[in-house]
Every structure is written in structure tokens, then in C-alpha cells.
Amino acid sequence: MSWSDDVTGSTQSATRVVPYVPPHLRNSVVNNGAHSFDNGNSYGSYSTESTQHGFRSNRPGSAGSSRSSRGRGGRRGQWRGRGRKSLGSSRSLSQEIFEVCEKFDDLEVSEEDGNGGGGGGGGGINFDAYEDIPVEANGTDIPTAANTFVEICLGERLSENIKRCKYVRPTPIQRHAIPIAVAGRDLMACAQTGSGKTAAFCFPIISGIIKSRSPRFGGQTTGVCFPSALILTPTRELASQIHDEAKKFAYQTGVKIVVAYGGASISHQFRNLEKGVDILVATPGRLVDMIERGRISLRLIKYLTLDEADRMLDMGFEPQIRKIVERMDMPKPGVRQTMLFSATFPSEIQRLASDFLSNYVFLAVGRVGSSTDLIAQKVDYVEDMDKRHYLMHILHDQKVNGTCGKHALTLVFVETKKRADALEYWLSVNGFPAIAIHGDKVQMERERALKSFKSGATPIMVATDVASRGLDIPNVAHVINFDLPRDIDDYVHRIGRTGRAGKSGIATAFFSEKNLPLAKVLVELMNESNQEIPDWLHQYAETSISSSGGQRHGSSKFAAYDYRSTTSGNENYYYSSSYGGADSFDPNVASPCDVSGAAPSSSQHHLSPNAEPYAAGQYAYGGGYETVVATGWD
DNA sequence: AAAAAAC
């Protein structure tokens, strides 16, 4: 993942002819930005944009108003970074990092920033914005946040790599989390992927390993590996992405990072392990397999990180995670250092997670005006049978009007693997190059799909929730929830694939009768991110039973607050100095591909549930896809 | 109820 989707996205699309760039060397640019959470106290969410962009208020006019109470949980913050970095003169580096950075340098100039910073080119990040980010830190003896990487003393080699990657100054999550982690404290952190989160846990781990390095385990004699750090992720692709990122940070430090996940050659992974491993990035199943085969021991684990921690502890994953963390040979909490990261963190999941922690610091870092206000969220009532044609209609508009730009990617989420395949086929046959990704594909197909999508070769990807979390896919301009998820958290993660790194994006949801239980929480979410809500959805929200709200304190699941605070004090708040007047929202940052505003179809977008929402065959698409292809795929 | 995650 990287900070600057927009920059890197441009890279890939603009330079598709350039030689292959290894994944771990892509995206190595700085972004800057923040996301937000409600503070959980009486201040409504607020935000400040960098000064060159003026202030942005999530809720114009709402600064200081009490919008949410602690009890109902904060709003989720969607990270929005600003893809600006300063371009230092290139140092003479022999490796690929150098070339990649060079490419980024070029891009920097050509980058079109939809939000048009007044600063113009060469700018560099405006870190003033960081002074105004709402941060909640909760716990005892919380280490002070750092303003620079230098003052954190991460070590010479790592610092050099950080510079090479053009990370000029830490992002908010890094400012707060890194000192906490370096101090050896356990941490539960709420921060959106794309916010520099990977770096936030990688830097302290790499630094710590270098500092405590002993030649003791230099040679593996027994064939058993003893990693000192373990990073667990919920999907293979995310493991791979973190591995790539971490390798970049550990360049020439001697810190060895190995990735292990299913669906790929285990013997190959074993061979990598045999070369030595300090940091193991893994998915749960493969890790358990390797442990049970006696090839990995967790006995010497000093750092344990769970990425997307809320997912890792949800119903499907919890038993496996508990097995790894509590019933293998992992050192106990307090002996090892444990860090949990996630964007959404329901309080009951926090409660489970706290079993793994010892005297931890809870951290919610964010900026109001989070990406959800850069993501234009739209909900259309579309019955299942009309969805395909409605999708075609939208895609056709995008194509004809170029509303999303030349290299824009569209990510379409569906409910099941079968539907993913079916829709992929349907789209392909009807003139829209699409590729599907889901867990029934063999790993190589999954990787190929992702690569094809990222590169723009297949600008439409149909996905299940395998792609909803953590993946940093540059240039996704439009996320379409062809089928809405049942869980509002999944919705948040899905739409978070766009609107990243300062680029605006749009998210369109097809709401059908089946989604009634989601109405209430969806309306709340959209309200909080200042979105326009169609009347019919309002009505549904009022009449429907709140589904997932029932299990929470309130109706929000996002709990960007420490669940401990409901029973204890110990809170430390850091507030901005200027939230009060932050209200010059710039309407011009609207999405360059704002379908709702620009597309001829906008009249279709607020249909009454009872109205004829969409009539197939009513539009001349041109692509020849009027021909409905009935296949065995359905 | 689906998806993900080992062989």
C-alpha cells in the first residue's frame, strides 16, 4: 500500500509500456493526508485540509456542535491522503528504488490533482494540516507523538530507506503509533489502510530487530525457523502487498522478510524461510500448516501484528487466530509486543482483541472531512433483475463521457463467487473487458486478475469481499456495490478502495429489496459523511428494523473509541487548535467522474422503490450488449 | 448468509 494512489496510479497507466516494476517498489511515494474519526466527545467531526486547500469541514457549519456521543461510536474515518511530496534531488542509488522514485518524480509534475492544490507543482506536503487532526489516545503513560522520523531514532539504515521512499514526515498515524510501538507498548490502532499504516507498524518492528540483533540465529541448523515478528492478514493478496512494502523498508538492513500464504508453492516458501526470516507475513491457514509441520516456531516472537484486526477476529477467523496466538508456542502478552490495526473496530471485537494485549494504548487518529466526503456515495434502487442492465448503463456512460478519465478503473462488488464469474462473463461478452477475482480461483488466477486490473488491461474488476480490505489499488475511480454487503463495515472497506490519496472517487450502490436491513445504518453512514440521501432510502431507514445496529451500543458499528472508556477513564485527547472556524468547504473538489452530477442517467438515480427503476433495453448502448446472453453461467 | 483462510 502506499500513500499516493493517485500518483502511482498515474504511473502505471501513463507508463504502461515501461519495463516491469517489482510490486514492492511501486507506490513508494509520499502521500499526505488524514482521515478522521469522531472524537467521541461533544465536538462534531471537523477537519482541516492543508492550508493550501483551505479548511474543509466534514459538516459545514457543524464544528463544535454535538453530533455524536461517545456511546454511539465515532464515525469511521476514511483516509484521504494528498498525493504531494517534495522531490528531493535524486541521490545516486544503485537499486530499483531509485528508478522508481525517478518515475514518481516525473509523475509528480503531470499528476492531475482533482483537488487542485493552490500550491502547484513541486509543492511538497503541507503538514500544517497534521496539526489539526483529531486524535484520541487512551491508556497509561502514553508516549509523546513525534513530528519527524528523525526524532524517533529508527536507526541509520531504516532512516535512509525512509528517505529513499520520500517519506518526508510521518503521517498522523505514524506520528502517534511509531513512538508508542518503539517504546515497546502494545497498541490498538484505528486507521484506514492507505494512511501509512503499514509503515506505522513496519518501522518499529524493523528498527527493533536491527537494534536487538544478535548473530545467534544466523544459521538455521534444525530446519526450524524462529521469526521474531509475525504479521497476520486476512487475505493472501494483502499479505503479499505488505510483504512487498516491508521489503522496501528493510532494504539493505539485513532484516529478512518472508511471506507465507496458501495457494502458492509451500516448498518455495520453505526455501525462502530457510534463507532466514526475521519478519513473517502470513495468512492464518498456511501459518498453522507450517507450524504443525514443525517448520516454524513462534517461540521467539517479539512482535505480533494483526492487520485488519477486526476481520481477523470476526466469526470466521477468530478460532484460527486464537489457535495461533494462544495455543501455539507464542510468548504471552506482556512478553511479546502486540499491535492491532484496523479501520473499523467494533467494540465487541475490541473486547476480543484485548485478550491479546497487555497494558495497551488505544489510538484513533484521523481527520474529519475524511475520504468519505471525497467519495461521492450514491444509492440507487435497482431490483436484482435490472442490475446488469443498469450496470451496463453506468459503464457505458463512463465510457462515452469519459467521466472517470482515461485510466480510471471500476471495481464492482458482488455477493458471491458465482455471481462474480457470471458478471465477468456477461460484461466481457457485452464489450466491457472485465476480470473477476474471488476465492474459488486458483491463486495464480487471482494474482493475474489483480495485476490485469491494476495495469488497466482490464479496467473493470468484479470482486467478492476478497478484494474489499486493505488492497491498495491505484486509480480506482468508481466502486460499484452491485450487491450490497450485509455488514456496513464491509461497505466502508469496499468504498474505501476509491477516493484514496486525495483523489476523489465515486461509490454507487444498487439497493434492492434484500438490503432493507441495511437501510438504517447506511443512512447513518451517509449522513455522517455528508452525502445526499434519496428520500426513498430515508423512508426505508425509518421503517426498517435496524439490522446490525442491534448488536452495538448504538447504531454505529465503527467504534472509533476505546471500548474501555465506557468503564474507565484514562483518556488523553489531543485537539487541534483551529477546528472552530474550519469551514470553507470547497465544492469544486467534486469528483471528476461524478456520475450523479454529470451523467445523463442522473435522473435515474433517485427512483422511488415503486417506480419503474430501470428498464432494460431502453438505452442504446452502442456496444452491442443489448444482446442478452443467456448462458450456463447463471 | 457469503466470503476468507491449508493441503
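Helix α8 (residues 284-292) supplies the largest share of the surface near DNA strand B, namely three residues. Keep in mind that this is a predicted model.

**Around the DNA**

In total, 23 residues surround DNA strand B, and the closest of them are R286, K417, G439, R446 and R486. The contact is mostly with the backbone of the nucleic acid: of the atoms of DNA strand B that come within 4 Å of the protein, 72% belong to sugar and phosphate. Sorted by character, the residues of this surface come out as 11 polar, seven charged and five nonpolar.

Three polar contacts to the strand are listed here.

| Residue | Protein atom | Atom of DNA strand B | Distance |
|---|---|---|---|
| G439 | backbone N or O | phosphate oxygen | 2.2 Å |
| R446 | side-chain N or O | phosphate oxygen | 2.5 Å |
| Q320 | side-chain N or O | base nitrogen | 3.2 Å |

So what does G439 use to reach a phosphate oxygen, backbone or side chain? G439 uses a backbone N or O atom, while R446 approaches a phosphate oxygen with its side chain. Q320 also puts its side chain to work, but its partner is a base nitrogen.

**The protein as a whole**

Stepping back, chain A contains 19 helices and 17 strands. Of its 634 residues, 63% count as buried. Take the contacts in chain A between residues at least 6 apart in sequence: 82% of them join residues at least 24 apart. The accessible surface of chain A adds up to about 22,100 Å², and carbon and sulfur atoms hold 51% of that.

**Two helices, two settings**

Why can helix α4 (residues 172-182) be called largely enclosed by the rest of the structure? Of its 11 residues, 10 are buried, so the rest of the structure largely encloses it. The buried set includes charged and polar side chains such as R175, H176 and Q174, along with I173, I178 and I180. After α4 comes G184, which has a positive phi, near 85°.

Helix α18 (residues 535-543) has both a buried and an exposed side. W536, L537, Y540 and A541 are its buried residues. Looking down the axis of α18, those residues fall within an arc of 140°, so they line one face of the helix. Turned away from that buried side are the exposed residues D535, Q539, E542 and T543. And what lies over the buried residues of α18? The cover includes two strands, β11 (375-381) and β16 (505-511), plus helix α17 (519-528).

Notes
Residues numbered from 1 in each chain as written. Chains lettered and ligands numbered in written order. Predicted model: local features only at pLDDT ≥ 70, side-chain atom pairs only at ≥ 80, totals over all residues. Heavy atoms only, no water. Buried < 20%, exposed > 50% of the residue type's maximum accessible area, 1.4 Å probe, protein only. Helix = DSSP H or I, 4+ residues; strand = E, 2+ residues; numbered from the N terminus. Arc of directions from axis to C-beta. Contact = heavy atoms within 4.5 Å. Areas by Shrake-Rupley, 256 points an atom, 1.4 Å probe, with all protein chains shown as cover. Near = heavy atom within 4 Å. Polar contact = N/O pair within 3.5 Å; in protein donor to acceptor, adjacent residues only side chain to side chain.
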